[in-house]
Amino acid sequence: MSDADPTGRGARGLDKIDRRILRVLQVDGRISNLKLAEAVHLSPTAVLERVRRLTREGYILGYEARLDPALLGAGLLVFVEVLLDRTVHDVMDNFKAAVQVRPEILEAHLVAGGFDYLLKTRVADMRAYREFIGSVIWTLPGVRETRTYAVMEEVKHTTLLPL
């Protein structure tokens with residue numbers, strides 16, 4: 001602890017124990033409170049209160065199961081660069097709203113560079129992707145041009161943040 005930070009939590013409001021809790025939960029979100037308490041060397045009551053605070057303050061956004069896309073008919077991962085015909089607010093807002101309702105589009109990112117959006121999509125196979133690009137992507141509001149990148153091998157896939 002320093003005089004400038006009497007809480008010992010640092011610039012982001014997290015102390016070492018908070019970070020340890022977050023590291024453990026990233027690896028196993030289903031860990032019991034008792035096992036989590038053992039892992040971070042605190043009492044179960046203290047850990048439960050910290051997890052509640054971390055959730056309340058927005059550090060923990062939720063919990064979800066990781067599913068095998070190949071077993072669920074979504075084995076082909078495809079990234080799509082999208083260039084809009086105009087980058088004005090109404091076109092971008094309409095595009096963003098249309099992307100939100102498409103379950104095949106897992107992520108959509110507004111990016112700086114030679115195109116406007118990068119989409120991460122999953123479909124069953126290349127035949128399904130050809131249908132998807134024609135019936136969905138090209139019908140999204142404002143789409144002028146796309147580039148497709150079919151993933152041949154996922155070398156690394158993680159959602160773990162360095163703490």
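This is a chat about the sheet, one helix and the cores of a predicted model.

Colleague: Let's start with the sheet. In what order do the strands sit, and is the pairing parallel or antiparallel?

Modeller: There are 4 strands in an open sheet, ordered S2-S3-S1-S4, and the pairing is antiparallel. S2 and S4 are the edge strands with a single partner each, so one side of each has no neighbour in the sheet. From one strand to the next the twist averages 20°.

Colleague: How many bridges join S1 to S3? And to S4?

Modeller: S1 and S3 (residues 117–123) are joined by 7 bridges. Between S1 and S4 (residues 143–150) there are 7 bridges too.

Colleague: Give me some register. Which residue in S3 is the bridge partner of Leu-76, and what do Val-78 and Glu-81 pair with in S4?

Modeller: Leu-76 has Val-123 as its bridge partner in S3. Over in S4, Val-78 is partnered by Ala-150 and Glu-81 by Arg-147.

Colleague: And is S1 largely enclosed or not, and why?

Modeller: Largely enclosed by the rest of the structure, because 8 of its 9 residues (76–84) are buried.

Colleague: Switching to H5. Which of its residues are buried, and which are exposed?

Modeller: In H5 (residues 126–135), Ala-128, Tyr-129, Phe-132 and Ile-133 are buried. Looking down the helix axis, those buried residues fall within an arc of 130°, so they line one face. Arg-127, Arg-130 and Glu-131 are exposed on the other side of H5.

Colleague: Why would that spacing put residues on one face?

Modeller: An α-helix has 3.6 residues a turn, so residues three or four places apart point the same way.

Colleague: What covers that buried face?

Modeller: The cover over the buried residues of H5 includes S1, S2 (105–110), S3 and S4. The helix lies across those four strands, S1, S2, S3 and S4, and runs at about 135° to S3.

Colleague: What's going on at the start of H5?

Modeller: Asp-125 has a side-chain oxygen that reaches to within 3.3 Å of the backbone nitrogen of Arg-127.

Colleague: Next topic: Arg-122. Where is it, and is it buried or exposed?

Modeller: Arg-122 is in strand S3. Its relative accessible area is 13%, and the cut-off for buried is under 20%, so Arg-122 counts as buried.

Colleague: What does its side chain make a polar contact with?

Modeller: The side chain of Glu-154, at 2.6 Å. Leaving out residues up to four places away in sequence, Arg-122 touches several others, including Pro-69, Leu-76, Leu-77, Glu-104 and Leu-106.

Colleague: Last one, the nonpolar packing. Which residues in the largest core touch the most other members?

Modeller: Out of 22 residues there, Val-82, Leu-84, Phe-95, Leu-119, Tyr-129, Ile-137 and Leu-140 do. Two or more residues of this core come from each of S1, helix H4 (89–100), S3 and H5. Another core lies apart from it, with 11 residues, among them Ile-21, Leu-36, Val-40 and Leu-54.

Colleague: Take Leu-84, then. What does it touch?

Modeller: Not counting residues up to four places away in sequence, the contacts of Leu-84 include Val-91, Met-92, Phe-95, Tyr-117, Pro-141 and Val-143.

Technical notes: Residues are numbered from 1 along each chain as its sequence is written. This is a predicted model: local features need pLDDT of at least 70, side-chain atom pairs count only at pLDDT 80 or more; totals for chains, interfaces and linings use all residues. Side-chain values use heavy atoms; hydrogens and water are left out. Buried means under 20% relative accessible area, exposed over 50%, partly exposed in between (1.4 Å probe, protein chains only). Two strands pair if DSSP finds at least two bridges between them. The arc is that of the directions from the helix axis to the C-beta atoms. Contact means heavy atoms within 4.5 Å. A polar contact is a pair of N or O atoms within 3.5 Å; within protein, one must be able to donate a hydrogen and the other to accept it, and residues adjacent in sequence count only if both atoms are side-chain atoms. Axes are lines fitted to C-alpha atoms, for helices over the stretch in contact, and angles run from 0 to 180 degrees between N-to-C directions. A nonpolar core is a set of buried Ala, Val, Leu, Ile, Met, Phe, Trp, Tyr and Cys residues joined through side-chain atoms within 4.5 Å.
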